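Thanks, everyone, for making the time. I would like to walk through one model this morning, strand by strand and then helix by helix, so please keep the structure open as I talk.

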Amino acid sequence: MDLEVDTEQRDRWSVISLRGEIDVYTAPRLRQALIDLIEGGKSDILVDMSRVDFLDSTGLGVLVGGLKRVKAKDGSLEIVATQDKILKIFEITGLSKVFPIHDSVETAVSA
Amino acid sequence: MPDTVQIALSPRPEFVGAVRHVLGALGRLAEFDAGSVEDLKLAVSEAVTNAITRGAQDATADVRLVATREPGAVTIEVVDAGPVFDPQAAAAAQDSVTSQEFSFEAGLSLPVVRGLVEDLELVPGEDEGLTVRFTVTAERAGTDAL
């Protein structure tokens, strides 16, 4: 039960790659990664959740907070997710209509 | 004979994952399909998160969870000792799910549970606390877990 957070630059996108579980305990690590990027001047952020085993509403709240912050800088925050269990919570909350969701980092970067 | 798992936990965020994995194991014992195990883990995680975050003003009282295994279903009851439950605040959180205003960063736990189950009950305590009760039902064989 842990969350690994790695960040790399791919063209205009700052890609946050996540591995593990995102809940009320681990979500602050994602929040900090987003804040670090945005305060560092990045405003196009891609969050790769393809290796996330669990996501709950706390993690979604962090993503929404990040979206608010990049929107204020005319930026964007998009998601890579492929697993049904991750996509489902985006659907339940209606956030699948708010975040562009891609099936791979390559697809998102080349879009 | 009761067929239950009962857990009392200190309201610490790091325990939410532990409880989630216990309930995932119970779902597998109940022969849930993989998608229903994930539904159970998500619903329990949200209910316990709600209990812990509601109880922030009293960080010492335990959160209690009772899971009852039934044929094709697991019923969950989560009891906290947080402040008196405000149904209007809960309704506002429910509305925010579909809001385009991005006005929330928290408070989505119970709306997510409501999206996963059909029988969510919220029972306020007389002086304090809230009991959250719901049933996660296994998908029938051959149906799409999503």
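Let me begin with β4(B) and β5(B), the latter covering residues 130–137 of chain B, which run antiparallel and are joined by four bridges. Within that pairing, B:V123 has B:T131 of β5(B) as its bridge partner. I should say at once that this is a predicted model, and everything I describe is to be taken in that sense.

Moving across from there, β5(B) also pairs with β3(B), again in the antiparallel sense, over eight bridges, and here B:D80 finds its bridge partner in B:L130 of β5(B). On the next step, β3(B) is joined to β2(B) by seven bridges, and these two strands likewise run antiparallel, with B:L65 bridged to B:V78 of β3(B). The hairpin that β2(B) and β3(B) form has two residues between the strands, and B:G72 in that hairpin adopts a positive phi near 75°.

Putting the strands together, what is the order of the five strands in this open sheet of chain B? Reading across, the order is β1-β2-β3-β5-β4, with antiparallel pairing. The edges are held by β1, residues 4–9, and β4, residues 121–124, each of which pairs on one side only. From one strand to the next, the twist averages 15°. Against this sheet packs helix α2 of chain B, residues 34–54, which touches β2 (63–70), β3 (73–80) and β5 and whose direction makes about 10° with that of β3(B).

That helix has a second neighbour to consider. Two packed helices are described by the angle between their axes and the distance between the axes. For α1 of chain B, residues 14–29, and α2(B), the axes come within 9 Å and cross at roughly 150°, and the crossing is right-handed. The residues making the contact include B:V16, B:V19 and B:L23 from α1(B), and B:L40, B:V44 and B:V48 from α2(B). By class, the contact of these two helices divides into eight nonpolar, five polar and three charged residues.

Finally, the interface between the chains, where 22 residues of chain A are in contact with 25 residues of chain B. On the chain A side, α2 (57–71) and α3 (84–93) each supply at least two residues, and α2(A) gives the most, with eight. That side of chain A comprises nine nonpolar, six polar and seven charged residues.

Definitions and conventions: Residues are numbered from 1 along each chain as its sequence is written. Chains are lettered from A and ligands numbered from 1 in the order in which they are written. This is a predicted model: local features need pLDDT of at least 70, side-chain atom pairs count only at pLDDT 80 or more; totals for chains, interfaces and linings use all residues. Two strands pair if DSSP finds at least two bridges between them. Axes are lines fitted to C-alpha atoms, for helices over the stretch in contact, and angles run from 0 to 180 degrees between N-to-C directions. Two residues are in contact if their C-beta atoms, placed from the backbone, lie within 7 Å. Ala, Val, Leu, Ile, Met, Phe, Trp, Tyr, Cys and Pro count as nonpolar, Asp, Glu, Lys and Arg as charged, and the others, Gly among them, as polar. A crossing is left-handed if the near helix is turned anticlockwise from the far one by less than a right angle, and right-handed if clockwise.
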